[in-house]
Amino acid sequence: MWSWYLKELATRPLLTGMWSTAGMLFTGDAIAQQVIERKRKHDWVRSARMTAIGGFLIAPTIRTWYLCLDKIFGSKMTMVVAAKKLCADQLLFAPTFLATFIVVNNLLQWNSANVVEQQLRCDYPGMVMTNWSVWVPFQVLNFSVVPIQHRLMFSNLVAFFWNTYLAYKANSRDFTEGSSKDFKVMDTLEDSADQGYRTVKVTDTSQ
């Protein structure tokens with residue numbers, strides 16, 4: 001099985017990367033729903049969405065990015081070249097791609113720009129920080145040791161766990177319009193209650 005996969009990766013790298021990454025996203029979302037969120041009813045639409053994002057967005061984008069890095073910085077597997085690729089990957093590509101992931105995930109749910117903005121403001125910074133803590137040490141090995149034809153496959157080994165996190169984080173909070181209104185109502189009630197409390201305190205003091 002493994003030898004067959006390596007052969008497919010060598011002869012059809014893009015297609016093989018697409019279906020393997022799609023499978024990783026599907027598995028990651030299934031783990032997120034059943035193990036982390038403990039959903040009683042599995043959301044198959046969400047799993048299909050994550051699978052599509054993995055196959056049609058993540059795999060082609062990352063493969064193209066790795067090819068671009070080799071063209072820009074060269075294909076030598078030295079620490080200097082690896083350091084340059086790592087800086088470009090984690091300071092430029094990763095933050096941009098995570099934002100793209102959030103936007104695409106919301107667009108596939110027909111969510112509004114306001115919902116996208118809320119998730120970018122609330123979840124995006126934490127996702128970037130987690131990305132750095134997970135991927136920086138791994139990418140040092142990936143860029144300095146692993147040949148380019150195997151980098152997507154090697155990435156998928158770590159991505160098995162990373163995709164579970166992505167699937168959970170991207171869908172863990174409800175930022176839809178109704179939910180946003182409920183948050184605003186709660187904020188208004190809390191502000192009103194706090195204002196009333198301050199008024200009572202002032203009245204008591206004056207007595």
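1. A word on terms before anything else: helices (H or I, at least four residues) and strands (E, at least two) are DSSP runs, numbered from the N terminus. With that in hand, T176 is easy to place: this residue sits in the loop between α7 and α8 (177-206). T176 is partly exposed at 30% relative accessibility, where buried means under 20% relative accessible area, exposed over 50%, and partly exposed in between (1.4 Å probe, protein chains only). Its C-alpha lies 6.8 Å from that of N111, although T176 and N111 are 65 residues apart in sequence.

2. Keep in mind that this is a predicted model, in which local features need pLDDT of at least 70 and side-chain atom pairs count only at pLDDT 80 or more, while totals for chains, interfaces and linings use all residues. Residues are numbered from 1 along each chain as its sequence is written, and side-chain values use heavy atoms, with hydrogens and water left out.

3. Now the overall picture. The protein chain holds 8 helices and 0 strands, so to speak a run of α-α-α-α-α-α-α-α from the N terminus on. Of the 207 residues in the protein chain, 38% are buried.

4. Have a look at α4, residues 79-107. This helix has 29 residues and spans 39 Å from its first C-alpha to its last, close to the 42 Å expected at 1.5 Å a residue (the expected span is 1.5 Å times one less than the number of residues). There is a kink in α4 of about 40° at F93, shortly before the proline P95. The bend at a residue is the angle between axes fitted to the seven residues ending there and the seven starting there.

5. F93 turns up again in the empty space inside. Rolling a probe the size of a water molecule over the atoms shows where empty space is left. Here the work is done on a 1 Å grid over the protein atoms alone: a cavity is a set of points where a 1.4 Å probe fits but cannot get out, a pocket is an open set with protein on both sides within 12 Å along at least five of seven lines, and lining residues have an atom within 4 Å of a point. Grid points are joined across faces, edges and corners, and a volume is the space filled by probe spheres set on the points. The count comes to 1 cavity of 30 Å³ or more.

6. What lines the largest cavity? Its volume is about 300 Å³, and 22 residues line it, with I62, F93, F97, W135 and W162 nearest its centre. At least two lining residues come from each of α2, α3, α4, α6 (124-144) and α7, and α7 gives the most, with 7 residues. By type, the lining divides into 14 nonpolar, 7 polar and 1 charged. For this split, Ala, Val, Leu, Ile, Met, Phe, Trp, Tyr, Cys and Pro count as nonpolar, Asp, Glu, Lys and Arg as charged, and the others, Gly among them, as polar.

7. The largest pocket has a volume of about 150 Å³. It is lined by 15 residues, and Q109, A170, N171, R173 and D174 are the closest to its centre. The elements giving two or more residues to this lining are α3 (44-73), α5 (113-122) and α7 (151-171). The pocket lining divides into 3 nonpolar, 6 polar and 6 charged.

8. Two loop residues other than glycine have a positive phi. R38, in the loop between α2 (13-36) and α3, has phi near 55° and is exposed, with a relative accessible area of 66%. W110, in the loop between α4 and α5, has phi near 60°; W110 is exposed too, at 79% relative accessible area.

9. Which contacts join α2 and α3? G17 lies in helix α2 and is buried at 0% relative accessible area; its C-alpha is 8.0 Å from that of R63, 46 residues apart in sequence. M50 lies in helix α3 and is buried as well, at 0% relative accessibility. The C-alpha atoms of M50 and F26 are 6.2 Å apart, with their places 24 residues apart along the chain.

10. Last, the cysteines. With a disulfide taken as a pair of cysteine sulfur atoms within 2.5 Å, the count comes to 0 disulfides. C87 is partly exposed, with a relative accessible area of 43%, and C122 is partly exposed at 38% relative accessibility.
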